[in-house]
Structures are given as structure tokens and as C-alpha cells.
Amino acid sequence: MAREAELAACLEAVLGSRSSANRVFELLEPLAGEEEPEDIVSAARACSRLFGALLERRELFVGPLPEQDASLGESYSAQDKYRIWMRHRYRDCVGCLGELMAHEAFQVKELALCTLMKFVELEAQYPLIKIEWKGTLTFPCDLLKVVVDGLLPTTEDASLLISRFQEYLEYDDVRYFVMKAVTASIGQVMQKTKERPLPFYQQNVFSLISPINMPNKESEMVKFMVKQDNREELKLSRLQAHKQVFEKMWLTFLKHKLPTGLYKKVLVILHDSVLPYMNEPTLMMDFLTVAYGIGGAISLLALNGLFILIHQHNLEYPDFYKKLYSLLDPSIYHVKYRARFFHLTDLFLSSSHLPAYLVAAFIKRLARLALTAPPEALLMIIPFLCNLFRRHPACKVLLHRPGGPADMSEDPYIMEEEEPSESRALQSSLWEIQSLQNHYHPDVAKAAAVLNQSLSEMEDDISGLLELSASELFDKEVKKKAVDVPLEFEQELDLRDTQKAPVCSAALPCEESWTA
């Protein structure tokens, strides 16, 4: 408390008289030294009040800042010399706060961030640049870049501090200049790595840019930190300009090699949060096609973005279905993104113009893989296959071939064949589903038995089955009401009735019957 009182007295002296200006160093010293977090916080708050007041009172030099030593010897008035000198102290304060954003204590980081953003708002209102003509943009881009650089360290995770910063991205102009600053930062940092990933830095960039909410219409852009007179004449007020900056930021970020985990996070949101807000979504074609060719979960996740480019932007992808077919392996029934994958696969196989051999290959491969799938996946895939039969009646030969193979060794279908047209699926039969009719789970056996009957023309709605989990299936079984099961047995004789019953003589037949 004593230290806080000293800083408060110092602040009052500096604001009260220019003769006490040198005492500003007492406020700045704790920001640059190895002080306790509580002392740093007190000093930061004092500096916030000091320079906030100086900005409002217009007591900082406005215009290109001269060198401090040069300004003292040139023909500046005493007032200008004071303003120049104090502007240099303000710059020192900003530099210290930028470094404090990397402090060990989160309380210090957060206060440094909030103080810098307060200065951004005040500089926007009381600019430190000369306005040469009406309508000149006065946003403090250089100061905001200090904030962005502090949010993107290369050696630690800054996601908690970034989440604290998200509220400022609700301002349209702040968001615009943050995106420009991030683009510049990526270019400066990543060019030094020679295509080697920087996991912490790239994760921090993703944490900063992934929650950005872009406006859908120009009329939605109404929240600005800087109040400009002729805003309609500025690029800042045009949605297309925002989309261009947004697009450039993402393309710059994605052109560098990403860690595998981050690759997946990007692909999860790309179709929903990035592509709709780009001026030219087809610029993502290279990134998505490379991701689609990697294999595994990354390929599954790339399907969303490719679907948008193929259906909405006429992307031509040669051998698309061959690649989709190659993604069918035992893991598809177990992966985290199973629901997303089968939803998209259902869309890709919905066209009635697909050749029968191609659809049959998908049906046969999915059925073969179903032999080792968990019950919750089987309850989804069986209606899925039924829908494919309804759309493509030519494939029903798989159901109605009486002379099918007796076991897997006699099946003409070639599971290992990568080319669907060479898999000989149409020459096979769907004995795998017949095997599932003897499944240990009664619901699976019942679902598989549907294929023994004529399929209705109406497709099954599988949307509610895509997210079905083992725990939900278990809960459903537990909540089932017990029913009385009829058993065949002889009712037990009540011993009390034997005392009333007549005793039969061994020599004579019993004239009365026993009563149970």
C-alpha cells in the first residue's frame, strides 16, 4: 500500500506541474525492472492514468516524432520541447507494456493488454498524427501492432490472453487492422523458419483469428472504435475490403506447413467460418486438395471444404470418388468425425447419375467393414446402405443373388483393389448383412433383417443416427421396461392342498383328481 501511495503522489505531481515532469521516471521504473507483480500492476495503472490524461489534454507532441536530443537544440518552443520529451516517455511506456504482455503473472499480462487497448482508443480519439485533410484515417495502427505482437509469442501458449482480447474484435475497425497486423506478423516470423512449423506461434495465430466473426452485410458494420467524419469514403467501411484482408490473412497463414493437430482444427472450421467470407473461395483449392491427399482423419475433414468448392464453385477434382473410396477403412466407424464423414458421403452418393459399379463398390466395402464395427455404427450404416439401394435400383442384384458365396474366400469382390471399377462388386452378394442378422445386439439383428423384405420407396432419415454413441445405446437398453416372458413349465403343487386331498389306495384307482 505504501508503494501505491508513493506512485499516486508522483502521478499527482507530474500532472499538477511541468516542473515535476522528471518524476515520470518513478512511474516507468517498475515497468522495466524485476518488481513484484503487485508493484508492476500499481505502476501500470498510474501510467495509464497519466498518459491517458496527457492524451486528452493534448500535451503529447502531434506529428512525426523528432529525436529527443535533436529537438532540444532546435528552434522548438518550450511547450513543444515538453510535449516531445513527454511523447518519448509515452513511447517508453508503450514499449514496456508490450514486453509485460509476456510476463509470468497473468494479472500483469492482462493489465498490460487492457492499458495498451485503452491507449489505442484514446489515440484514435486524440490522434498523434497531423490531419492534413478532412476524412484522413486516424487509427493508431502502429500501437495496435504492438498489441498483436504481444498476443503472438513464439515460445508459449497465449490462448488465455487472446480470449481476453476477443471483446475488442467486435469493433469493425479494430478487427480490420488486427487482420492486417496478423498477416504482416506471419510474413515476418514464418519466413525465418524455412518451412519448419512453429507450434506455439501458429497455435496462437489460430486462436486469434479462428473466432473472428465477419459481417454478412455491409449494413451490419456499425460498430467502430474510431469515429470518422466521412466513413463512407473509406475502404474501412466496405465489406469487400474486409473480405480481402480476411482472405489474405488466411491464405498467408495456410501457405506454411502446419502441425498435424492444428491441420485438423483448421479443417473443422474452414467450411463454415472461412470459405463463406472469402471473395474468391477457389483460392483454397490447393490447400484442400493437398489435405485431401494426406489420408486419415485429415482427408475426412477436408471433405467439407471440397464439397463447397465442388458444388458451389464448380471445382473439378479428378478421381474424386476413387480417393473417397480409398478412405473407407476400419477406422471410419470409430473416428471422432464419423458423423461428418457419413453425412458428406451420403451427399456425394446421392446423384442418380453415378454408375452402378461405383455405388456397388461403396456398398460392398462398407458392408465388409461393418463386420468389425460397433453396434452404434451398425445401426447407422444399415439404413445408410438401404438408402443407397433405393437411389440405385441396379445395385439390388447384391440382395437378390441366390447363388452367393458361402464365405469370404469365395467372394469375387476384391477388397484390396483401389480402383472401384475393378473391384468386381456387382458380381458379389451382400452376405455380410445376412451375417449381421445373427448379431448379438438385438437391434442390429432386427435392422439387418429389413433387407430380407422389399424396401419401401421412402428413404430412411439417418440424421438422428449419425451422432449415435455407445453410451446412448447403453442408456436406451437400461431404460427399457421389463416385460413378462411366457415360460413353459408345470405349476408347482401347493403342499397345503395335499392335506385336504384324498389318499389314493394302492389297490384301488383314485376316484378324485388332484387339485393343483
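A residue counts as exposed when its relative accessible area is over 50%, as buried when that figure is under 20%, and as partly exposed in between. That yardstick comes up repeatedly in what follows, and one loop residue shows how it works: N314 has a relative accessibility of 65%, so N314 is exposed. The model discussed here is a predicted one, and the description starts with the overall make-up before turning to particular spots.

Taken as a whole, the protein has 22 helices and zero strands. Of its 516 residues, 48% are buried. The contacts also say something about how the chain folds back on itself: among those between residues at least 6 apart in sequence, 72% join residues at least 24 apart.

Two stretches carry a label from outside the model. An unreviewed UniProt entry lists residues 287-310 and residues 341-363 under "transmembrane region". In the model, residues 287-310 are 96% helix and 0% strand, and the C-alpha atoms at the two ends of that stretch lie 14 Å apart. For residues 341-363 the helix share is 70%, again with 0% strand. The end C-alpha atoms of this second stretch are 15 Å apart.

Next come the helix pairs. Helix α12 covers residues 260-274 and helix α14 covers residues 296-312; their axes come within 8 Å and cross at roughly 25 degrees. An angle under 35 degrees counts as roughly parallel, so α12 and α14 are roughly parallel to each other. As for handedness, α12 passes α14 in a left-handed crossing. On the α12 side, the residues that meet α14 are T260, Y263, K264, L267, V268 and H271. Their partners in α14 are A297, I298, L301, A302, N304, G305 and I308.

A second pair sits earlier in the chain. Helix α2, residues 24-32, packs with α3 at an angle of about 135 degrees, and the two axes are 8 Å apart. That angle makes α2 and α3 oblique to each other, and their crossing is left-handed. From α2, the contact involves V24, L27, L28, P30 and L31. From α3 come D39, I40, A43, A44, A46, C47, L50 and F51.

The loops hold a couple of backbone oddities. Most residues other than glycine have a negative phi. Against that background, R58 has a positive phi, near 60 degrees, without being a glycine. R58 belongs to the loop that links α3 (37-56) and α4 (68-73), and with 34% relative accessibility R58 is partly exposed. N314, the exposed residue from the opening, is the other case: its phi is near 55 degrees, again a positive value in a residue other than glycine. The loop that holds N314 runs between α14 and α15 (320-326).

Further along, P330 lies in the loop between α15 and α16 (338-348). P330 has a relative accessible area of 49%, so P330 is partly exposed. Sequence distance and spatial distance tell separate stories for this proline: P330 and A373 are 43 residues apart in sequence, yet their C-alpha atoms are 7.6 Å apart.

The last area to look at is around α20. H439 is in the loop between α19 (431-436) and α20 (442-448). Despite that loop position, H439 is buried, at 17% relative accessibility. The side chain of H439 also reaches the backbone nitrogen of H441, at a distance of 3.0 Å. Leaving out residues up to four places away in sequence, H439 touches P375, L378, V444 and A445.

Within α20 itself, two residues deserve a mention. D443 is part of this helix, and with 17% relative accessibility D443 counts as buried. Beyond its neighbours within four places in sequence, D443 is in contact with L379, K476, E477 and K480. A447 also has its place in α20, and A447 is buried too, at 17% relative accessibility. Beyond the neighbours within four places, A447 contacts L379 and I382, which puts L379 on the contact lists of both D443 and A447. Finally, A447 and I433 are 14 residues apart in sequence, with 9.6 Å between their C-alpha atoms.

How values were computed: Residues are numbered from 1 along each chain as its sequence is written. This is a predicted model: local features need pLDDT of at least 70, side-chain atom pairs count only at pLDDT 80 or more; totals for chains, interfaces and linings use all residues. Side-chain values use heavy atoms; hydrogens and water are left out. Helices (H or I, at least four residues) and strands (E, at least two) are DSSP runs, numbered from the N terminus. Buried means under 20% relative accessible area, exposed over 50%, partly exposed in between (1.4 Å probe, protein chains only). A polar contact is a pair of N or O atoms within 3.5 Å; within protein, one must be able to donate a hydrogen and the other to accept it, and residues adjacent in sequence count only if both atoms are side-chain atoms. Contact means heavy atoms within 4.5 Å. UniProt positions are given in the numbering used here, feature names are shortened, and annotations may be inferred rather than shown by experiment. Axes are lines fitted to C-alpha atoms, for helices over the stretch in contact, and angles run from 0 to 180 degrees between N-to-C directions. Angles under 35 degrees count as roughly parallel, over 145 as roughly antiparallel, 65 to 115 as roughly perpendicular and the rest as oblique. A crossing is left-handed if the near helix is turned anticlockwise from the far one by less than a right angle, and right-handed if clockwise.
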